[in-house]
Amino acid sequence: MALTSRHKTLTEHASSPHDAELRSAAPHLARRRFLTVAAAATMLAFTTNRPARGATAAPELDAARITVNPFTLGVASGDPLPGSVLLWTRLAPQPFAEDGGLGQERVEVCWEVALDEWFVIVEQEGTATAHPEYAHSVRVDVKGLRPGREYYYRFRAGTWISPVGHTRTAPAPGTDTDTLRLAAVACQDYRDGYYTAHRHLAQEDVDVVFFLGDYLYEYAVDSAGGARRYTDRTLPDMFNREATTLADYRLRYALYKSDPDLQAAHARHPFVLTWDDHESENNYAGAHDEKGSPPEEFLSRRAAAYRAYWENQPLRAAQLPNRPDARLYRRLAWGSLAQFDILDTRQYRSDQAFDDRPHAPGPESDDPARTLTGADQECWLLDGWRKSSALWHVLPQQVCFSQRKFDLAEPARVSMDAWDGYRASRDRVMAGAKAAGVDNWMVLTGDVHVGYAFDIKENFDDPASRTVGTEFTCTSVASGGDGTEKPGDWDTYMKANPHMKHFDGRRGYVRVELGRENARVDFRTVPSITTPGGGVSTTASFVTEVGSQGLQSA
């Protein structure tokens, strides 16, 4: 592994498009006594807080001196490519301490990748550095692996050995792979209950998991863990406040990643992740937060949130934030079977219309200049479709793509935070899919804490118009509490939206099998999350045929 070249990638960055705003923010924030010890780290997140080299590098800690298990936050892998996969861990012998219990010293960590879980046949091994500037996170982009293979991996720091992780590489480009099994999950507010869905997901036979946003929530978590109602532990007071600084977000990830069910899911499957709003702040839009703060103030918070997100997820160096900016949208392929275009619908969007209240579409929301993706990401998406020869085109993203009327009145109110609030942007994407000849199109969505299945219509106001794709919202892992099969607005939504074929308000995830003839989608549901345990069942299944889009009950 070329550690020198990798280190250069992680430490050298171009200027940010928000540099001017951030420079103007610094004296303003200082005047407000913003620069406490913790908040100073936030400012460093978009200035110079990168690992130094040479004489100024952080001193090295002999890993043999680590006397407490440093792998308290588990292991993970992500973004499988035909010849490589990204491996992650984060050293934290004291996960609820700001420095993780390792101070400001760097630690050398060994890693191994094997063909078997006993590590008899080791394919590759090496060392990587856990830098204090990156919260002692470790990522290894293991290259030279065989396409379409399963692998096992682990880390070692001193005498401590991490849990064993299981991952896989994608098939070689153009390979006529017959099937792909995936799961989609989202929205895991720690306060709202246990991660029962993750415990079952860890036992599913899937090739990859897509996480569609709201991995953590910025909201305060009380000493009992909210609806978890702990009696065997007391969470520290530092969690009982909203996360706003780099230290806050790092600690919040430590809390979430300490959950054993989430650790089990990460250890079992490679994840492909994208964020939504709560990893930073509820319903933010570009440089605008929901409180109406000056953009330069919110950008400092966004820089901290983005930095902590990258540190705590199995993401490559290409996703390392540059101050408050990060290129999270990216493209993956699974042979010739499927192309995945992972979107970021938060960072570049226009501010929500009508003060982000449910509202009928109007001139403000339908302004053609408004965008959900930003111009560059939109061009990237449409260009990728034009060049693709994949059978399936899957769009993992955050907010409801299909029209979703909230009432039976005309004109009906819709969400200003979803694609309904950016109809011109949606129209351009749909026109681009049509122009590119995308025949088998599937949108995977998080955000709404319920399970929906939609036919994507050429004209949503005409039920007889052509179906051009399908959309599935994966409900939530925990957000919203236990939920109910038929929420109070079930009848209204089903009547107002004839293209909505399924609506379930319980917790769980979606399981998808893509094939050469069709795709099958199962809604996997757990009965309760406010108490630990509980089973999982398939509560609805749908099939959509290759070359003939539209949902049929399976």
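Q: Which residues line the largest cavity?
A: This is a predicted model. In it, the largest cavity is lined by Pro80, Val208, Phe210, Val272, Leu332, Ala333, Trp334 and Phe340.

Q: Which elements give two or more residues to that lining?
A: Strand E10 (208-211) and strand E12 (330-334) do. E12 gives the most, with three residues.

Q: How many nonpolar, polar and charged residues are in the lining of the largest cavity?
A: Eight are nonpolar, with no polar and no charged residues.

Q: And what volume does the largest cavity have?
A: About 50 Å³.

Q: How many cavities of 30 Å³ or more does a search of the whole structure find?
A: Three. The second largest cavity also comes out at a volume of about 50 Å³.

Q: What lines the second largest cavity?
A: Its lining residues are Gly451, Thr475, His502, Asp504, Arg506, Tyr509, Phe523, Arg524, Thr525 and Thr539.

Q: How does that lining split by class?
A: The lining of the second largest cavity has five polar, three charged and two nonpolar residues.

Q: Which strands supply at least two residues there?
A: Strand E18 (500-504) and strand E20 (518-526) each do so. The largest share, three residues, comes from E20.

Q: Switching to strand E3. How many of its residues are buried?
A: Six of the eight residues in E3 (residues 107-114) are buried, so the strand is largely enclosed by the rest of the structure.

Q: Which strand do eight bridges join to E3, and does the pair run parallel or antiparallel?
A: That strand is E4 (residues 122-130), and the two run antiparallel. Within this pairing, Glu108 stands opposite Thr129 in E4.

Q: What about E6, how many bridges join E3 to that one?
A: Five bridges join E3 to strand E6 (residues 150-157), again as an antiparallel pair. One residue to look at is Trp111, whose bridge partner in E6 is Phe155.

Q: Back to Glu108. Why does it count as partly exposed?
A: Glu108 lies in strand E3. Its relative accessibility is 29%, and buried means under 20% while exposed means over 50%, so Glu108 falls in between.

Q: Which residues is Glu108 in contact with, leaving aside neighbours within four places in sequence?
A: Glu60, Ala63, Thr127, Ala128 and Thr129.

Q: What separates the C-alpha atoms of Glu108 and Ala63?
A: The separation between those C-alpha atoms is 6.9 Å, for residues 45 apart along the chain.

Q: New topic, helix H9. How many residues does it have, and what does it reach from first C-alpha to last?
A: H9 (residues 423-435) has 13 residues and reaches 18 Å from its first C-alpha to its last. That is close to the 18 Å expected at 1.5 Å a residue.

Q: Which residues of H9 are buried?
A: Ala424, Ser425, Arg426, Val429, Met430, Gly432 and Ala433 are the buried ones in H9.

Q: What do the buried residues of H9 pack against?
A: They pack against one helix, H8 (375-387), and against strands E15 (441-445), E16 (451-457) and E17 (467-474).

Q: And what is the phi of Gly437, which follows H9?
A: The phi of Gly437 is positive, near 70 degrees.

Methods:
Residues are numbered from 1 along each chain as its sequence is written. This is a predicted model: local features need pLDDT of at least 70, side-chain atom pairs count only at pLDDT 80 or more; totals for chains, interfaces and linings use all residues. Side-chain values use heavy atoms; hydrogens and water are left out. On a 1 Å grid over the protein atoms alone, a cavity is a set of points where a 1.4 Å probe fits but cannot get out, and a pocket is an open set with protein on both sides within 12 Å along at least five of seven lines; lining residues have an atom within 4 Å of a point. Grid points are joined across faces, edges and corners, and a volume is the space filled by probe spheres set on the points. Helices (H or I, at least four residues) and strands (E, at least two) are DSSP runs, numbered from the N terminus. Ala, Val, Leu, Ile, Met, Phe, Trp, Tyr, Cys and Pro count as nonpolar, Asp, Glu, Lys and Arg as charged, and the others, Gly among them, as polar. Buried means under 20% relative accessible area, exposed over 50%, partly exposed in between (1.4 Å probe, protein chains only). Two strands pair if DSSP finds at least two bridges between them. The expected span of a helix is 1.5 Å times one less than its number of residues. Contact means heavy atoms within 4.5 Å.
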